[in-house]
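Hi everyone, thanks for coming. I'd like to walk you through one model today, starting at the ligand and working outward.

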Amino acid sequence: MKPFYITTPIYYVNDKPHLGTTYSTVATDVIARYQRLRGRPTRFLTGLDEHGLKIERRAKEDGLEPQEFVNRMAPPFQEAWDMLDCHYDDFIRTTEARHRKRVQALWKRVDANGDIYLDNYEDWYCVGCERFYTEKELLPDRLCPDHKKPVERIKEESYFFKLSEYTQKLLDFYEAHPNFVKPEGRFNEVKSFVKEGLRDLSISRTSFRWGIPVPANSAHVMYVWFDALTNYISALGAPTEGEEQAPLFDKFWPPKSETIHIVGKDILRFHAVFWPAFLMSAGLEPPTQVWAHGWLTVNGEKMSKSLGNFLSPEPMVAAFGSDVLRYYLMRDVGFGQDGDFSHASLFARYNGELSNGLGNLLQRIVGGIVTNHLNAKVPHVDPSTLQDIDKELIQTAHRCSEQAACHLDAIAPNRALDTIWELVASANRYVDQTAPWTLAKTGDKQRLAEVCYTTMEALRWLSVMIWPIMPNKSSELRAQLGLAPIMPTEDVDLWPNAWGALLAGTQTKGGTALFARIDKDQEKQILRRLGVLDVEAPAKPSTKTSSKKDKKDKAMTEGHISIDDFFKVELRIGEVKEAERIPKSDKLLKLQIDIGESKPRQILAGIGKHYEPEQLIGKKLTIVANLPPRKMMGLESQGMVLAASDAEGLSVLGVDKDLVIGSKVS
Ligand code: MSP
């Protein structure tokens, strides 16, 4: 197993972290924890991007020197990541000396390779993005397409990087590394962009001072992205002149490691085009993979400080604890896609999946039966007397553990959670069917022991599988089973694969609800604390003019739904990759549809009377992506294809432009 190195983007320090930035860091932490659990040497880096015009201006607004400003802004990030139990191994700030000297060393290597020259530059600049735009990339009124704010015309002397000379080299590299960018749809966008031919890149500025000076010409500071991208190797102590030893770099940078940059889709081009080109120029290996996740959105808009629609993690953690927030972020948003933040969905998942699902399973067996009827001890069982229903649950546990591991290997935490919760549901069904409370009453001690042991062992497996996402809840669950918290150790694979490690006689400590149920009143209180619900005025006698709320309630009862209800349905554009008929059904077609995830989804659609399978291949369709998987004719369907019909026939719903796979319909 190669060492594993995973990084978040380094965040601009112009504001405190919000739920959108939290999403990147939590996802990276989940994957790092999973790799540690597997015993793999793992390094997780995060940090801060502290230079550039944006920061210089922001410091000025606060009447501070830039260094003083960034020093004040750094602690809230570390505090937020600690609060969210994100266990990074290193935290880099681009104003640190260790970074500065390595960025200058990289510049010198690129320069020595003949890839830097001096010229003049003129174009439109968005300070929010810290990047130039051409006229045709802008929105009407010359607004930045991301920040929706006016861009500035900039004309100045600049050093250029000969990016144009890397067009073919990058295309060859992409060809040789088909997994370099994930998801695949985004990789295709990157390739199309490069295929159009690359322009040389301006990599220095003279009109402000807050940056790393260009070696040999301190009138220029480096372009903030040249500076920022280098953090991934400067934090590893990439070799500079006069330094012979770079043990961390040798261990965690390719070719000896697997190195993954987790980034938001907004900054993919910097990572998948500029960064490998800089590295190639310097004679260094590019990273193994760049994984571009989608955005956490609010009513379909990217959550961001500049758009003013952000939510802060602190009150959420205060209300639910960090594990629940981590779970929600990883569960509700398909990794690679955008996902709308919804309080309603957070409560629904909390009560439905955490409290009723996992919490109830633990409570019924450990808190209830084992405490009351088995002296709060893990019972002894003889594996040879287990019944078929027990063996089925054991098989399900094996299958779910293997599949969840595959999903986490492929960086699909949402799919891993789907699979883990399949085991939760199966174990709850098992308890319903075996009815241990009846066994306790009838005095069938042996069978009672078998059922409780089997369920507790499933809970032990679950305690390991949830650890990357909910480390504290994992420890609480394990404490109830009489087990110590998970302590990952290098070279020891702790992922569950052997049934029966729970020792008979272990003292259990059941009783406390793992996820106490939140009732409607508590929900309202929490929403009020989060500032989502206004404090309700006492009910007033009805007046002639009905209030806004009355009108809204009336509209709901007249066959309308709220916009929040509508946004609960996750609609995506997917491309049909494979299609075939299902034997013995003239109606059902089995489709493999790519919706921008790590692998296509299998969706069964009842459209076989209207379409031949081959007619559908390559078509872009609208998919409902957040339905629970269900079985039809023994096959799993992971979504629904939308279609409309009239008396004449049926048509699947597509799009009339060639949209990117996985695009959200709203
Ligand atoms: N400083 C650059 C990154 C340099 S990396 C060498 C930057 N910083 S940022 O603070 O503006 O954003 C960093 C990252 O935060 C985004 O790419 C993305 O990963 C994450 N997110 C910011 N808002 C987000 C959402 N609303 N949703 C999900 N992730 C978001 O760009």
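Before the ligand, one definition: when I say helix or strand, I mean a DSSP run, H or I of at least four residues for a helix and E of at least two for a strand, numbered from the N terminus. And please keep in mind that this is a predicted model.

So, which element gives the most to the shell around the ligand? That is α1, with 4 residues. Helix α1 covers residues 19–37, and it is one of the elements that each supply at least two shell residues. The others are β2 at 11–12, α7 at 224–229, α8 at 231–234 and β13 at 258–264.

In total, 26 residues surround the ligand. If you'd like to find the closest ones on the screen, look for Ile 10, Ser 24, Asp 49, Leu 296 and Met 303. By residue class, the shell divides into 14 nonpolar, 9 polar and 3 charged.

Now for some polar atoms. Two backbones come up here: a polar backbone atom of Tyr 12 is 3.2 Å from an oxygen atom of the ligand, and a backbone N or O atom of Gly 20 lies 3.1 Å from a ligand nitrogen. With His 293 we turn to a side chain, where an N or O atom is 3.4 Å from an oxygen atom of the ligand. How much of the ligand's accessible area does the protein cover? On its own the ligand has 660 Å², and the protein covers 93% of that.

Let's step back from the ligand to α8, where we find Ser 234. Is Ser 234 buried or exposed? Its relative accessible area is 1%, and buried means under 20%, so Ser 234 is buried. Beyond its neighbours within four places in sequence, Ser 234 is in contact with Ile 92, Arg 98, His 99 and Arg 102.

Compare that with Lys 101, which sits in helix α4, residues 97–112. Lys 101 has a relative accessible area of 41%; that falls between the 20% and 50% cut-offs, so we call it partly exposed. Its contacts, again setting aside neighbours within four places, are Thr 240 and Glu 243. For a sense of distance, take Lys 101 and Leu 481: they are 380 residues apart in sequence, and their C-alpha atoms are 51 Å apart in space.

One more helix that I'd like you to see is α2, residues 53–61. Its buried residues are Leu 53, Lys 54, Ile 55, Glu 56, Arg 58 and Ala 59. What do they pack against? The answer is β2, β3 (42–49), α3 (66–83) and β10 (204–205). After α2 comes Gly 63, with a positive phi near 70 degrees.

Finally, the whole protein. There are 22 helices and 27 strands. The radius of gyration is 27 Å, close to the 26 Å from the globule rule for 666 residues, so the protein is as compact as a globular protein of that length. Along the principal axes, the C-alpha atoms fill a box of roughly 90 × 65 × 60 Å. Buried residues make up 56% of the 666. Among contacts between residues at least 6 apart in sequence, 74% join residues at least 24 apart. The accessible surface comes to about 29600 Å², and carbon and sulfur atoms account for 50% of it.

That's my tour, and I'm happy to take questions.

Key:
Residues numbered from 1 in each chain as written. Predicted model: local features only at pLDDT ≥ 70, side-chain atom pairs only at ≥ 80, totals over all residues. Heavy atoms only, no water. Near = heavy atom within 4 Å. Polar contact = N/O pair within 3.5 Å; in protein donor to acceptor, adjacent residues only side chain to side chain. Areas by Shrake-Rupley, 256 points an atom, 1.4 Å probe, with all protein chains shown as cover. Nonpolar A, V, L, I, M, F, W, Y, C, P; charged D, E, K, R; others polar. Rg over C-alpha atoms; globule rule 2.2 N^0.38 Å. Buried < 20%, exposed > 50% of the residue type's maximum accessible area, 1.4 Å probe, protein only. Contact = heavy atoms within 4.5 Å.
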